[in-house]
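Visitor: I should like to go through this model one strand at a time. Could we begin with its surroundings?

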Amino acid sequence: MTLDRSMIRDVCVLTPKRNLTGGEETRALTDAIEQTVRGDVNKVVVDLGRISWVNSMGLAGMQRARLMCVHHDASLALANVGGRIKNLMLTTRLVILFDTFDSLEEALAAQESTRA
């Protein structure tokens, strides 16, 4: 399995174990997000703390995941966004589309303040 999945209160936390490069690991993440928001969970945090890189295909997968969340009226946040990934998101201006947080705790607190 290329990611870990857990529930913390009413938030689904998905933690990729491998860099998101558009392959199996990216499909696993987008599939997990889709399953989550099609179910009864409408708050998702992707914890990027175990990875150090996302390429353009990985970013495209994350954008698709974001659109799925919007379509299903769910919220999506990114936690533990490292320097390399943060710089890439700033360069591509994707930082305006995603709620990003330096820690999982910050992301969870933000998700708790969103609608149920």
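Visitor: How many residues of strand E3 are buried?
Guide: In this predicted model, strand E3 covers residues 43-47 and is mostly covered. Lys43, Val45 and Asp47 point one way from the strand, while Val44 and Val46 point the other way, and all are buried. The number of buried residues in E3 is therefore, with buried taken as under 20% relative accessible area, five of five.

Visitor: Which residue of E3 is the bridge partner of Val13?
Guide: Strand E2, residues 11-16, runs parallel to E3 and is joined to it by three bridges. Together with helix H1 (residues 24-38), E2 and E3 make a right-handed β-α-β unit. The bridge partner of Val13 in E3 is Val45.

Visitor: Which residue in E4 stands opposite Lys43?
Guide: Five bridges join E3 to strand E4 (residues 75-79), and the two run parallel. E3, helix H2 (residues 56-71) and E4 make a right-handed β-α-β unit. Opposite Lys43, in E4, stands Ser75.

Visitor: Which element gives the most residues to the largest nonpolar core?
Guide: The largest nonpolar core has 28 residues, and Leu14, Val46 and Met89 are among those with the most contacts inside it. Two or more residues of this core come from each of E2, H1, E3, H2, E4 and helix H3 (83-91). With five residues, the element that gives the most is H2.

Visitor: Which residue of E3 is included in the second core, along with Ala77, Leu104 and Ala107?
Guide: This second core is separate and has nine residues. On E3, Val45 points one way and Val46 the other, and Val46 is among the residues with the most contacts inside the largest core. The E3 residue included in the second core is Val45.

Conventions. Residues are numbered from 1 along each chain as its sequence is written. This is a predicted model: local features need pLDDT of at least 70, side-chain atom pairs count only at pLDDT 80 or more; totals for chains, interfaces and linings use all residues. Side-chain values use heavy atoms; hydrogens and water are left out. Buried means under 20% relative accessible area, exposed over 50%, partly exposed in between (1.4 Å probe, protein chains only). Helices (H or I, at least four residues) and strands (E, at least two) are DSSP runs, numbered from the N terminus. Two strands pair if DSSP finds at least two bridges between them. A crossover is right-handed if, with the strands pointing away from the viewer, the path from the first strand over the helix to the second runs clockwise. A nonpolar core is a set of buried Ala, Val, Leu, Ile, Met, Phe, Trp, Tyr and Cys residues joined through side-chain atoms within 4.5 Å.
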